[in-house]
Structure formats: structure tokens, C-alpha cells
Amino acid sequence: MLHYILKRLGSMAVTLLVIITLTFFLMHSIPGSPFNEERATSEAVQKNLESFYHLDEPLYVQYFLYLKSIATFDFGPSIKKSSQTVNEMLGRGFPVSFELGMITLIVAIFSGILLGIIASLRHNGLIDYLAMTVAVVGISVPNFVMATLLIQQLAVTWEILPVATWTSPMHMILPTLALATGPMAIIARLTRSSMLEVLTQDYIRTAKAKGLSPVKIVFKHALKNALLPVVTILGSLAASILTGTFVIEKIFAIPGMGKYFVESINQRDYPVIMGTTIFYSTVLIMMLFLVDLAYGILDPRIKLHKKEGK
């Protein structure tokens with residue numbers, strides 16, 4: 001296990017370096033400068049600003065200077081908001097984005113698994129068809145469209161929930177629902193198909209023959225094996241949720257990283273673009289790593305195969 005963890009940490013470091021390199025050079029390949037829109041600024045002042053941010057240096061020099069700065073976990077100052085550093089923006093915005101993402105992931109996992117279990121136990125029945133219809137709608141409708149529909153119905157028409165900001169649990173409901181619908185639908189469909197396959201296995205028939213209750217059969221014997229395919233997609237789902245928060249945060253005026261990231265792209269604020277990209281990439285890579293470990297815990301056969309191959 002230790003050898004596997006060290007090997008994965010090495011590959012994760014290489015992956016992160018590739019992401020940093022590609023983002024850096026693609027970002028700088030776009031024509032123009034962050035100071036092009038500041039027409040009131042004199043040419044001399046613009047040159048001083050470019051010198052301060054090392055934008056007048058050759059690109060490879062900027063690249064190595066940036067690698068040196070992030071090695072000390074310093075993402076530098078924002079170009080457009082010179083009074084703030086990228087680290088301060090991350091410290092202020094990421095906890096909100098992370099809270100939204102984690103709440104969404106928990107809601108999607110539990111509601112999706114429950115919906116999938118109910119659909120599999122009522123296979124080809126009315127409940128099964130209704131559950132899968134909800135799943136198809138959830139997969140088909142993008143989260144920003146779902147957000148608009150929820151705002152229109154629950155906030156404007158019925159006035160049940162507040163529209164925007166992130167100041168109370170009531171404000172969390174609409175953005176969480178908008179983000180969770182798609183992942184919940186994917187988990188529900190996957191859980192249903194996996195449960196239908198597991199419920200036909202011999203050990204399930206044996207459990208039924210012993211007179212075990214349906215609840216015990218499902219939650220003690222069937223569910224663990226049925227969740228293996230779900231665990232494998234949690235990493236990618238977490239990635240889609242965390243990146244999806246950017247759009248949802250903009251729609252609901254949530255003070256998370258989405259606000260800074262979208263603004264930084266429009267304003268070509270290079271340090272903020274790089275800082276948020278690196279930070280989120282690190283989080284997502286770590287989540288994929290944890291999913292792999294969880295998969296190995298749920299399915300001990302993976303460990304056995306690795307031992308035999310040594």
C-alpha cells in the first residue's frame with residue numbers, strides 16, 4: 001500500500017506540473033496584455049506595471065519565476081486588484097465554493113443511491129419509470145438552465161425560497177438543487193443497473209432462502225457490491241460539481257471562487273487564473289486519489305491482485 005501511495009503521489013505531481021505548464025503557455029498565447037484596456041494609463045506607467053509583474057521578461061523566464069513562487073505556495077498579487085493577493089482571494093472564496101460543492105455532492109450521493117435502490121426494487125413498475133424519468137431529466141437539463149427554472153418557480157412565482165447570496169441555510173437550497181440534479185441522476189441510473197445485476201447473484205438467492213429480511217439483504221449484502229461502479233465515478237462527479245460551481249455562483253451571486261475566476265478570465269488577470277487553476281486542479285487530483293483508495297477498500301480483490309503480481 002505504501003509503495004502504491006508513493007507511486008501515485010509521484011504521478012500526481014507530474015500531472016499537476018503538466019496542468020501548470022499547459023495553462024501558463026496557453027494563457028500567454030492569447031494576444032494582448034492585462035493592461036490593454038487601461039487607456040487612461042500612460043505608456044510609461046504600463047511599462048512599469050509590466051516590469052513589476054515580470055511581463056516584460058521572456059516567456060520561459062516568466063515560467064520559471066512562477067514555478068519558483070508556487071513552490072513556496074505564493075501565487076502572487078492580483079493584477080487587477082493590486083491590494084489583494086491570490087492567496088487572500090483563495091482563502092476568502094474557496095471555503096464558500098467548497099461548502100457548496102460538498103453539500104451538493106452529499107445530496108447527490110444519498111438521493112441518487114436511494115432513488116436507484118427504490119427503482120431496482122420496483123423494477124419495471126410505476127416507481128421505476130418515474131425514478132428513471134427524473135434521472136433522464138436531470139441528465140438532460142444543464143445546471144444553469146435548472147438554476148433559472150428553480151429561480152423562476154420557487155423564488156419568483158411561489159416566493160418560497162430566496163433568490164441569491166449565501167447568508168443562511170435557506171439561501172443554500174436553490175444552488176444546491178441546481179448543482180445536484182445532474183450528478184444525482186447519474187448516480188441513480190448507475191445504482192439501479194448495478195443493483196439489478198447484484199440482486200441476481202447466487203449469494204443473494206442464498207440470503208433470501210435463509211429468510212433474511214429484504215432490508216437486510218439490500219443494505220448488508222447487495223449494496224456494498226452495487227456501489228463499486230458508483231465509487232469509480234465519484235472523482236469525475238466531484239470535478240464536474242466543483243467546476244460547475246463557477247457558473248452557479250455567478251447566477252446566485254454567491255461569494256465563492258467562481259466570481260474571481262470568471263472576472264480574472266475577462267480581465268486577463270494572469271495570477272488569479274493560474275492560482276485558481278492550480279488550486280482546483282490539486283483538489284480534484286487529491287479527490288481522484290481518495291476515490292481510488294476507497295475503491296480498494298470496498299473491493300479487497302484489487303489488493304489481492306496486486307500482491308500476486310509482485
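**Before the views.** Helices here are DSSP runs of H or I with at least four residues, strands are runs of E with at least two, and both are numbered from the N terminus. This is a predicted model, in which local features need pLDDT of at least 70 and side-chain atom pairs count only at pLDDT 80 or more, while totals for chains, interfaces and linings use all residues. Residues are numbered from 1 along each chain as its sequence is written, and side-chain values use heavy atoms, with hydrogens and water left out.

**View 1. The whole chain is built from 13 helices and zero strands.** Welcome to the overview. The C-alpha trace spans about 85 × 65 × 30 Å along its principal axes. Of the 310 residues, 41% are buried (under 20% relative accessible area; exposed is over 50% and partly exposed lies in between, with a 1.4 Å probe and protein chains only). Take the contacts (heavy atoms within 4.5 Å) between residues at least 6 apart in sequence: 74% of them join residues at least 24 apart.

**View 2. Trp-166 sits in the loop between helix H6 (143-157) and helix H7 (169-198).** Trp-166 has a relative accessible area of 11%, so this residue is buried. Apart from neighbours within four places in sequence, the contacts of Trp-166 are Val-96, Glu-99, Leu-100, His-171, Met-172, Pro-175, Ile-254 and Pro-255. Val-96 is 70 residues away along the chain, yet the C-alpha atoms of Val-96 and Trp-166 are separated by 8.3 Å. Look also for Glu-99: the side chains of Glu-99 and Trp-166 are joined by a polar contact of 3.1 Å. A polar contact is a pair of N or O atoms within 3.5 Å; within protein, one must be able to donate a hydrogen and the other to accept it, and residues adjacent in sequence count only if both atoms are side-chain atoms.

**View 3. Phe-25 and Tyr-63 form a tilted aromatic pair.** Rings of Phe, Tyr and Trp (its six-membered ring) pair if their centres lie within 6.5 Å; planes under 30 degrees apart count as stacked, over 60 as edge-to-face and the rest as tilted. By this rule the count comes to 11 aromatic pairs. For Phe-25 and Tyr-63 the centres are 5.2 Å apart, with 40 degrees between the planes. Phe-25 belongs to helix H1 (residues 2-29) and Tyr-63 to helix H3 (residues 59-70), so the pair ties together parts 38 residues apart in sequence. Phe-25 is partly exposed at 32% relative accessibility, whereas Tyr-63 is buried at 10%.

**View 4. The rings of Phe-246 and Tyr-280 meet edge-to-face.** Their centres are 5.1 Å apart and their planes stand at 75 degrees. Phe-246 lies in helix H10 (residues 228-252) and Tyr-280 in helix H12 (residues 270-298), and this pair links distant parts of the chain, 34 residues apart. Both rings belong to buried residues: Phe-246 has 11% relative accessibility and Tyr-280 has 4%. Step back a little to find a cluster in which ring pairs link Phe-246 and Tyr-280 with Phe-94, Phe-98, Phe-261 and Phe-279.

**View 5. Ser-120 lies in helix H4 (residues 86-121).** Ser-120 is buried, at 5% relative accessibility. A polar atom of the Ser-120 side chain lies 2.7 Å from the backbone oxygen of Ile-117. Beyond neighbours within four places in sequence, Ser-120 is in contact with Arg-192, Met-195 and Leu-196.
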